[in-house]
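User: I would like to go through this model with you one point at a time. Please reason briefly before you settle on each answer.

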Amino acid sequence: MPKESALQRDIVVALEAENWYVCNVVVAGRAGTPDLLVCAQGRFIAIEVKTPTGRVTALQVLENKRVVAAGGAGFVVRS
């Protein structure tokens, strides 16, 4: 099974190939910050990357809801 870091790398490569802005968040000042912050066609997108068995924490769910409430799109993606 691939690691989250490998999945993140693949996603970054694919999105950047489409000329989307992608920021892979390594260290954030807020717990639960999504793994990838993306801007595409004027839209803010937050992506939490998980392996098929990876668990989404309560803080990650909360941060996703905050992104959506602010007008962005938030997703949890799996391989």
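User: Which residue of β3 does V38 stand opposite?

Analyst: This is a predicted model, and in it β2 and β3 pair in the antiparallel sense over 5 bridges. Within that pairing, the residue of β3 that stands opposite V38 is I45.

User: In the hairpin of β2 and β3, which residue takes a positive phi?

Analyst: The hairpin of β2 and β3 has 2 residues between the strands. The residue with a positive phi in this hairpin, near 50 degrees, is Q41.

User: Along β2, which side chains point to one face and are buried?

Analyst: In a regular strand the side chains alternate between the two faces of the sheet. β2 follows this alternation, with L37 and C39 pointing to the face where the side chains are not buried. The buried side chains, pointing to the other face, are those of L36, V38 and A40.

User: Which elements give two or more residues to the largest nonpolar core?

Analyst: The largest nonpolar core has 11 residues, among them L7, L15, L36, V38, I45 and V49. The elements that contribute two or more residues to this core are α1 (4-17), β2 (36-40) and β3 (43-50).

User: What is the bridge partner of C23 in β2?

Analyst: Strand β1, residues 21-24, runs antiparallel to β2 and is joined to it by 4 bridges. Across this pairing, the partner of C23 in β2 is L37.

User: Why is there no bond between the sulfur of C39 and the closest cysteine sulfur, in C23?

Analyst: A disulfide is a covalent bond between the sulfur atoms of two cysteines, and the structure holds 0 disulfides. Both cysteines count as partly exposed, C23 at 27% relative accessibility and C39 at 38%. A disulfide would need the two sulfur atoms within 2.5 Å, and the sulfur of C39 is too far from that of C23 for a bond because the distance is 12 Å.

User: Within what arc do the buried residues of α2 fall, seen down its axis?

Analyst: Helix α2, residues 58-69, reaches 16 Å from its first C-alpha to its last, close to the 16 Å expected. Its buried residues include Q60, E63 and V67, whereas A58, K65 and A69 are exposed on the other side. The buried residues line one face of the helix, because seen down the axis of α2 they fall within an arc of 65 degrees.

User: Which strands are included in what covers the buried residues of α2?

Analyst: The helix α2 is followed by G71, whose phi is positive, near 100 degrees. As for the buried residues of α2, what covers them includes β3 and β4 (73-78).

Technical notes
Residues are numbered from 1 along each chain as its sequence is written. This is a predicted model: local features need pLDDT of at least 70, side-chain atom pairs count only at pLDDT 80 or more; totals for chains, interfaces and linings use all residues. Side-chain values use heavy atoms; hydrogens and water are left out. A nonpolar core is a set of buried Ala, Val, Leu, Ile, Met, Phe, Trp, Tyr and Cys residues joined through side-chain atoms within 4.5 Å. Buried means under 20% relative accessible area, exposed over 50%, partly exposed in between (1.4 Å probe, protein chains only). Two strands pair if DSSP finds at least two bridges between them. The expected span of a helix is 1.5 Å times one less than its number of residues. The arc is that of the directions from the helix axis to the C-beta atoms. Contact means heavy atoms within 4.5 Å.
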